[in-house]
Structures are given as C-alpha cells and as structure tokens.
Amino acid sequence: MTNHWTDIKNADLVLIMGGNAAEAHPCGFKWVTEAKAHNNAKLIVVDPRFTRSASVADLYAPIRTGTDIAFLGGLIYYLIENDKYQHEYVRNYTDVSFIVREGYDFEAGFFSGYDEAKRGYPDKSGWGYEIGEDGYAVVDPTLSHPRCVFNLLKKHYSRYTPDMVSSICGTPKAQMLQVWDTIAETSAPGKVMTIMYALGWTQHSTGSQMIRTGAMLQLLLGNMGMPGGGMNALRGHSNIQGLTDLGLLSNLLPGYLTLPSDAEQDYAAYIAKRASKPLRPGQLSYWQNYEKFHVSLMKAWYGKNVSAENNWGYDWLPKLDAPAPGYDVLKVFDMMYQGQVNGYFCQGFNPIASFPNKAKVGAALAKLKYLVIMDPLATETSEFWRNVDEFNAVDTASIQTEVFRLPTSCFAEEDGSLVNSGRWLQWHWKGAEPPGQARTDIAIMSGLYHRLRTMYAQDGGKFPDPILNLDWPYLQPDEPSPEEVAKEYSGKALTDLNDPATGALLVKGGEQLAGFAQLRADGSTASGCWLFCGSWTQQGNQMARRDNADPYGIGQTLGWAWSWPANRRILYNRASADVSGKPWEGLKKPLVFWNGKSWTGADVPDFKADSPPDAGMNPFIMNPEGVARFFAVDKMAEGPFPEHYEPFETPIGRNPLHPDDPRVTSNPAARVFKGDMELFGTAEEFPYAATTYRLTEHFHFWTKHCRLNAIVQPEQFVEISEVLAKELGIGVGDRVKVSSNRGYIKAVAVVTKRLKPLTVDGKTVHQVGIPLHWGFSGLTRNGYLTNTLTPFVGDANTQTPEFKSFLVNVEKA
Ligand SMILES: Nc1nc2c(c(=O)[nH]1)N[C@H]1C(S)=C(S)[C@@H](COP(=O)(O)OP(=O)(O)OC[C@H]3O[C@@H](n4cnc5c(=O)[nH]c(N)nc54)[C@H](O)[C@@H]3O)O[C@H]1N2
Ligand SMILES: Nc1nc2c(c(=O)[nH]1)N[C@H]1C(S)=C(S)[C@@H](COP(=O)(O)OP(=O)(O)OC[C@H]3O[C@@H](n4cnc5c(=O)[nH]c(N)nc54)[C@H](O)[C@@H]3O)O[C@H]1N2
Ligand SMILES: [Mo]
C-alpha cells in the first residue's frame with residue numbers, strides 16, 4: 001500500500017477493483033465502513049461477480065476477467081477528453097511534459113523493439129526520455145510537442161472508446177459510464193479516491209500492467225500522496241509484505257536492492273547503474289544512496305570479512321544468468337519438470353495445491369531425489385505421492401522421491417514482527433508453545449547452516465566462500481532469537497559515527513542506528529535491510545509501540561508500531577500539498593505542508609525536510625526525474641504504456657483491439673514454457689471464462705485441518721449463472737464436472753444471480769466462479785484441487801500465475 005488501512009477512512013470514494021475486501025480482508029474492510037459512515041464516502045465495486053463487497057456498494061459494475069486495462073485505459077482517455085483531471089498536479093508532479101525519444105513507437109499491438117523469437121523486448125533502448133546535452137531530460141511545459149508523454153498517452157488510449165471498452169469488458173455501457181463519471185468527480189484538487197486491489201489484478205498474464213493502469217488513473221486524478229488516496233495492495237499471508245521487503249524473491253536483495261546479472265562482474269559499475277543521477281536540475285534522486293544501503297547489508301551478512309579491498313564481498317553475491325525475474329517459482333517448477341532439480345525445500349508452501357496445473361507440479365515433484373517440507377501441517381505437497389482415489393490418482397510405487405517432514409512452529413507460537421499491507425512492522429508475542437517435536441524455522445535453518453558450513457570447511461566444495469565467510473554473532477548460534485535478528489535488520493554503528501560537518505559524535509560504535517539516513521558506504525554501519533533501519537533503535541523496539549494518539553484526527557498514529565520507510569505512513573506525501581507547499585484546496589484535513597521553514601504535518605514528510613517549495617525539487621524523490629511516471633520508460637516487460645491483451649485462454653479467441661494478428665491476442669512478452677502453449681484450451685472446446693477465489697470461512701488449504709471451518713463451509717462448489725444453468729440443464733445442488741485442457745474437478749453447482757452472462761465482442765460470454773480451498777490432506781472431507789484446472793503461465797514482469805482467467809467446460813456429473 002502507498003497508504004495504510006486506517007487511512008481508507010479519509011477517502012471520499014473507495015474503488016474496490018481486482019479484490020474482494022469484504023470477504024478476503026474482513027477486518028480491514030471496517031475502514032471502508034468508516035469512510036462510508038463518517039466521511040460520506042461512496043463505494044464502487046468492479047468485479048466479475050457480485051461479491052459481498054459489491055453488496056454494500058453504491059455502484060457495482062460487472063467486468064469480464066482479465067480486461068481491467070481496457071476499462072481503466074478507456075477511463076483515462078475519457079477523463080482527458082472531458083477535462084476531468086487535476087491539471088496542476090498532473091503538470092507539476094508527473095512526467096506529462098517530458099519528451100520521449102525518437103526510437104519509441106507503438107503500432108498494431110507491438111511497441112518498438114519486439115523480438116518474436118525471444119517473445120519479448122530485449123532491446124528497450126527506444127523506451128526513454130530524450131536527454132539534452134546538459135545531461136537532463138528535455139521537457140515541454142506547454143505540452144504541445146507531439147512526443148511529450150501527455151500527447152503519446154492520449155494517442156495510445158484514443159483507441160479505447162466507450163464502445164470498444166464495453167465490447168471488450170462486457171460491462172454494459174450505461175453502467176460503465178456511471179462508474180466513470182463518479183470516479184471523475186475526484187479530479188477536484190481536494191477530492192480523493194482510494195483504490196483497493198489484490199489478486200483480481202495481480203493474477204493475470206498482464207497483472208502488473210493492470211496495477212500500473214490503476215496508478216496512472218490515480219495520478220491523473222491527483223490522488224497519489226493524498227490522505228484517503230493512493231494505490232493500496234491488500235496483501236495476503238500475514239507477512240507477505242515482509243517477505244518482499246526482505247528480498248525473498250529470486251532477483252532481489254533485502255530492501256528492494258537488486259542482484260547483479262552475469263554481465264555485471266564489476267562492482268563499481270553495479271553500483272553506478274543503480275545510483276541514478278537526477279534527471280532534472282535541483283532534483284533529489286534518492287537511489288543515489290544505493291551504495292550506503294548495499295555496503296551496510298554486506299557488513300550485516302559478512303562482518304569483518306568484507307572491506308573496500310574485497311569490494312565488500314561482491315564476488316560472493318550470486319550473479320543471475322537468467323533475465324529478470326530469474327528463478328521464479330514457475331521457472332523452478334518447470335526446471336524440476338525437465339529433470340534439472342535434485343532437491344527442493346518447501347518452507348510454508350504447499351505448491352501442489354497452490355500452484356497452477358497440478359498434473360505438471362505433481363510430475364515435477366516426482367522427478368526430485370528428495371523433498372523437504374517445513375510446515376506445521378501435513379500438507380498435500382508432503383503427500384503428493386499418496387494415491388487418494390480421484391482426488392490424487394497417482395501410481396505411488398513409481399514415485400522414488402524421498403520426502404522429509406520437519407514440523408515447524410506456527411507464527412502464533414513465536415515472537416517476531418509481521419509487516420501488514422500498510423507497511424507497518426508490528427511486533428507480536430507468542431500465544432502458545434509449539435506442540436510435540438515442532439521447532440522454529442529459525443532453529444531448523446540454523447541447524448542446516450551449521451551442518452553445511454562444517455561440510456564446506458571439511459570437504460571443500462565448488463564455492464565455499466559465501467558460506468564460510470558468513471558472520472554468525474548470535475548469543476545462541478543454534479537458534480538466534482527473533483530480537484537479535486530484528487536488531488540486525490534495523491542496524492548498528494560499527495565504529496563511532498561523527499557528523500561530517502561539525503565532527504560531533506552522532507552514534508557510538510556498537511549502538512543501534514536511528515534511521516537509514518545514518519547509513520554509510522565506508523563500512524562503518526551494518527543494516528540487514530535499509531528500509532527497516534530505525535525499527536529497533538537505541539531507545540528500543542519501535543515495532544512494539546502501541547500508542548494510538550492521533551493529533552491531527554486523520555488516523556496518522558505515528559506512535560503505533562513502526563512503518564517503513566522512516567516511520568512514514570503515506571508514501572509521496574509531499575504531493576498532498578500544492579506547488580507552493582499549501583495543502584490542496586478543498587482537502588478536508590492537511591497531511592504535510594511547508595510552514596515557512598520546513599515540511600511538517602501529520603506524517604513524516606516524504607521529502608527533503610528543509611527544501612523550500614520554490615527550490616525546484618519535485619515530490620517523487622525515488623525517481624531521478626522527481627515526478628511520477630505515466631511513461632514507464634524501460635521498467636516493464638511489455639511496454640511503457642499498458643495495453644489490453646486477452647488472457648492466454650480467451651473466450652472470444654481474438655483481441656478486439658487487434659483482431660487480425662494472433663501474435664497480439666495475448667501478452668506477446670509473457671514467457672511460455674515448452675509444452676505449456678499446447679496445453680492452453682480454446683473456446684470451441686472450453687467455452688466458459690473461469691476465475692478462482694477465496695471464501696471468508698477458509699484460509700487456503702490450512703482449514704482442511706480444522707473441523708470448525710468445515711462445518712461452516714463444508715463442501716466444494718462452483719458458481720454458475722441462472723442462465724447458464726438453464727442452458728445446461730443444471731439445478732441448484734446438482735453435481736457438475738468442470739474441466740479445462742489440463743484436467744477436471746467435480747463439485748456442487750451453486751446457481752446464482754451473482755454471476756450474469758456478458759456480451760463481449762458481439763458474443764455471449766458466461767463466467768464460472770471456482771473457490772480454491774479443497775484438497776486431499778487433513779481432517780475434513782476430501783475435495784479436488786482447484787489448481788488441477790489452471791494454466792501454467794504468469795505475468796510477464798512478476799510471473800504471478802494467471803489464476804484468475806482461464807477456460808473451462810461445465811457438464812452435469
Ligand atoms: N478468509 C480468507 N481470507 C484471505 C485468504 C484466504 O485464503 N481466506 N487469503 C489471503 C491471501 S494470501 C490473499 S493474496 C488475499 C487475496 O484477496 P483477494 O484478491 O481479494 O481475494 P480473491 O478471492 O482471490 O479474489 C478477489 C476477487 O477478484 C475477482 N476477480 C477475478 N478476476 C478479476 C478481474 O479480471 N478483474 C477484476 N476487477 N476482478 C477480478 C474475483 O471475482 C474475486 O471476487 O486474501 C487473503 N485473505
Ligand atoms: N487457483 C488459485 N490458486 C492460487 C490463488 C488463487 O487465487 N487461485 N492464490 C495464490 C496465493 S495469493 C497464495 S498466497 C497461494 C498460497 O499458497 P501456499 O502458501 O502454498 O498455501 P498455504 O496453504 O497458505 O500454505 C502455507 C503453509 O504454511 C504453513 N505455515 C504456517 N505458519 C508457518 C510457519 O511459521 N512456518 C512454516 N514453515 N510454515 C508455516 C501452513 O501450515 C501452510 O501449509 O496460493 C496461490 N494459489
Ligand atoms: Mo496471497
């Protein structure tokens with residue numbers, strides 16, 4: 001989230017699109033209720049299904065799965081054409097005036113530089129700003145240059161007319177325009193909309209671009225950095241935000257630092273590439289501090305073993321041989337399927353249940369020599385070899401994989417911190433001792449480390465240095481305490497730190513740091529994650545704070561827990577004030593503003609605190625240009641502007657924007673593995689558009705181990721519309737078989753008014769809803785794994801699987 005849960009109550013309008021907060025985030029949803037009850041807010045829900053979120057909305061519009069870029073792209077053009085955008089904000093705080101290089105082009109569904117053989121854009125050199133001789137980006141404040149971002153944006157979305165959008169999305173035009181007009185009202189400077197989204201946007205082959213289109217809409221309306229505004233990703237598992245923050249993705253290091261590629265063997269060049277210089281005069285470009293963060297991380301990992309002489313251990317960092325995102329889960333399972341992986345550790349992960357195409361995942365696991373499961377529960381993955389009738393019909397005798405189960409404690413059985421969707425690090429205390437032989441994940445991983453280290457020390461090995469040089473300074477080496485680990489992430493001074501200007505002592509050697517502004521690139525500081533620096537200071541554990549004082553009355557409780565970065569609650573909050581530093585006209589309550597001497601207010605300013613409004617510095621200091629981007633330059637896999645492409649399995653068989661070129665029916669930059677393309681189904685055989693989702697009464701596959709949850713939601717079902725049920729002769733409660741080109745499941749039919757047929761590209765399209773919670777392990781009644789049906793393809797940027805749009809057939813079982 002750019003904002004946070006409590007802040008939702010400040011919205012004038014809430015748009016829930018690509019998520020179903022009332023059911024998947026019922027506690028957080030209370031802030032929507034607060035906004036409606038106490039801020040006179042309206043709620044809009046756009047979802048293929050009439051969800052419980054929709055049931056309390058002021059406006060609901062149905063949409064065909066996988067078409068949100070069309071819906072939002074059309075809206076962007078509509079706002080521009082009808083002069084419903086926040087002019088001053090857009091002109092000053094975004095890149096609309098920047099001139100794009102000659103090399104950029106978009107034609108017939110492709111951006112410039114497409115390579116068909118590589119299914120992507122290996123050469124993105126045209127996707128950038130024109131840079132002048134002074135080294136700065138060239139701008140045209142009059143917005144008249146044909147290649148300024150504003151004119152390219154308009155041109156790109158001029159194809160997304162209301163008729164075209166309605167035909168792609170299946171949203172009836174009148175309903176769509178009503179939603180658009182209501183959203184347009186928040187273009188007034190002091191009026192704010194928040195966007196709440198989750199998997200309905202991420203789980204598509206164009207997912208990242210859907211989210212970008214949402215962010216572009218918010219920029220056009222001037223809603224970023226505003227209280228009650230922003231782009232708010234509702235995160236899933238209790239610490240999934242912490243997982244990304246700590247760099248547990250294959251191409252990342254903690255704090256969104258990035259791993260080098262094979263081509264980057266030179267340390268200085270690695271740093272220089274990431275420490276981007278300002279692209280406008282007077283601008284602050286925050287990533288210029290990259291080396292301070294990087295060196296402090298390496299000092300946290302390797303201690304005295306790294307110094308300037310060995311480039312802070314740069315040679316010990318893995319170098320990626322694969323293009324980003326590198327070794328994502330789809331890639332690793334495909335490698336496993338090809339027989340290229342011997343062993344696999346599953347720590348808190350149940351892939352045969354949660355990953356697409358169960359048949360492929362099961363076959364991949366069967367090719368392993370060994371599989372280690374670290375989990376409090378006996379998961380389906382730990383029993384993938386067990387024949388369970390039709391639910392897991394495998395030939396056990398032919399599977400040679402050796403499976404080790406290591407029972408772990410559960411989050412509620414340990415102390416530690418969890419990062420919530422709003423980036424708050426909240427400390428928690430254990431509620432019970434773990435049962436039986438269960439051990440903490442820290443103890444298991446430490447045991448593994450010590451054994452590996454001993455083996456490397458005794459027997460050598462291909463590359464022992466990264467393991468042998470690791471620093472392990474913990475009081476109990478076999479099980480470091482959560483407190484010690486948390487302090488290490490926050491960081492400390494390794495020697496006395498003095499103020500470079502005055503020479504005064506800032507931090508004594510050995511003491512905890514106050515925040516990342518104190519980090520240095522000379523090896524005198526250590527911090528395991530620069531974004532978390534300040535979460536455990538010399539004053540103690542900031543994450544354990546529970547002071548809910550709210551002096552400005554807008555839910556900015558700066559004394560409650562600790563938020564990254566720097567305890568800031570709303571990102572880009574400088575943009576909540578106009579160019580002169582005054583809160584935007586009409587804003588009910590200020591967030592941050594210029595008081596004549598410094599930036600101040602209800603939040604920690606996201607800006608250089610003493611930089612006066614007329615000094616020429618712009619609010620988006622994480623971008624070297626200082627403004628927010630409509631034009632993504634070279635950051636996205638499939639192009640600088642989001643374009644609608646169909647899901648890989650499309651019920652209409654063509655992309656209405658490019659009806660004649662099958663190469664751009666679906667995302668031309670999405671990676672498809674050998675053999676998976678052939679497993680995509682077509683609308684002739686599998687005519688219905690399916691989507692998968694959660695139920696409030698279950699949590700993924702855990703609740704199969706819990707009788708109470710089975711009592712409240714006992715049986716696997718699928719949702720179909722009354723019209724489709726009638727067509728197929730299916731009644732309420734009948735058993736149906738739902739099949740895709742990868743397999744089938746059987747379930748009870750729930751015939752519902754919540755789904756309605758849509759008219760898409762001139763045809764009737766039916767949608768089928770499939771909850772995901774059943775499986776073949778645990779205490780309660782078995783069911784089919786929903787992911788038997790889903791396709792093995794992901795978003796071109798993140799490789800998040802396309803769980804939300806695929807094709808099925810439905811028959812009476
Ligand atoms: N009770 C419960 N709560 C949970 C979980 C759980 O298992 N049980 N899981 C947690 C986890 S890990 C996560 S990630 C979150 C997920 O939170 P959500 O994303 O809110 O949950 P989902 O139910 O997967 O999907 C949300 C909605 O997306 C809609 N949708 C599908 N395709 C599209 C589309 O193309 N466009 C639009 N606009 N909407 C679409 C679906 O109809 C569905 O209503 O929930 C968390 N909360
Ligand atoms: N079709 C379809 N598939 C989906 C989705 C969808 O919407 N549709 N959603 C996707 C999403 S968003 C998610 S997050 C995934 C979820 O996929 P998974 O993460 O694979 O599923 P979970 O059942 O949440 O598995 C987590 C495991 O962690 C264990 N666990 C709990 N606490 C601890 C602990 O402290 N330590 C250890 N070691 N283990 C612990 C639990 O017992 C559980 O078995 O599913 C994905 N799959
Ligand atoms: Mo999730």
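Two strands are said to pair if DSSP finds at least two bridges between them, and in this predicted model that rule underlies the sheet described first below.

**The parallel sheet**

In β6, M193 is the bridge partner of L13. The strands concerned are β1, which spans residues 13–17, and β6, which spans residues 193–197, and they pair in the parallel sense over 4 bridges. Both belong to an open sheet of 5 strands, whose order is β3-β2-β1-β6-β7 and whose pairing is parallel. At the edges stand β3 (59–61) and β7 (231–233), each of which has a single partner strand, so one side of each is left without a neighbour in the sheet. Direction ignored, neighbouring strands of this sheet are turned against each other by 20° on average. Helix α10, formed by residues 207–220, packs on the sheet and touches β6 and β7, and its direction makes about 175° with that of β6.

**Ligand 1**

Ligand 1 is surrounded by 32 residues, of which A24, D47, G66, R694 and H698 are the closest. By class, the residues of this shell divide into 10 nonpolar, 16 polar and 6 charged. Polar contacts to ligand 1 include those made by G18 through a backbone N or O atom, by H700, likewise through a backbone N or O atom, and by K804 through an N or O atom of its side chain. Taken alone, ligand 1 exposes 920 Å², and the protein buries 95% of that area. The elements that give two or more residues to the shell around ligand 1 are α1 (21–24), α9 (199–202) and β24 (688–693).

**Ligand 2**

Around ligand 2 there are 28 residues, and H237, D375, H700, W702 and N787 come nearest. This shell divides into 11 nonpolar, 13 polar and 4 charged residues. Side-chain polar atoms of Q203, T408 and N787 make contacts with ligand 2, through an oxygen atom of the ligand in the case of Q203 and through a nitrogen atom in the cases of T408 and N787. Taken alone, ligand 2 exposes 910 Å², of which the protein buries 89%.

The distances of these contacts are set out here.

| Residue | Ligand atom | Distance |
|---|---|---|
| G18 (backbone) | nitrogen, ligand 1 | 3.1 Å |
| H700 (backbone) | oxygen, ligand 1 | 2.9 Å |
| K804 (side chain) | oxygen, ligand 1 | 2.9 Å |
| Q203 (side chain) | oxygen, ligand 2 | 3.1 Å |
| T408 (side chain) | nitrogen, ligand 2 | 3.5 Å |
| N787 (side chain) | nitrogen, ligand 2 | 2.7 Å |

H700 thus appears in both descriptions, with a backbone contact to ligand 1 and a place among the residues that come nearest to ligand 2.

Note on methods:
Residues numbered from 1 in each chain as written. Chains lettered and ligands numbered in written order. Predicted model: local features only at pLDDT ≥ 70, side-chain atom pairs only at ≥ 80, totals over all residues. Heavy atoms only, no water. Near = heavy atom within 4 Å. Polar contact = N/O pair within 3.5 Å; in protein donor to acceptor, adjacent residues only side chain to side chain. Areas by Shrake-Rupley, 256 points an atom, 1.4 Å probe, with all protein chains shown as cover. Nonpolar A, V, L, I, M, F, W, Y, C, P; charged D, E, K, R; others polar. Axes fitted to C-alpha atoms, helices over the stretch in contact; angles between N-to-C directions. Contact = heavy atoms within 4.5 Å.
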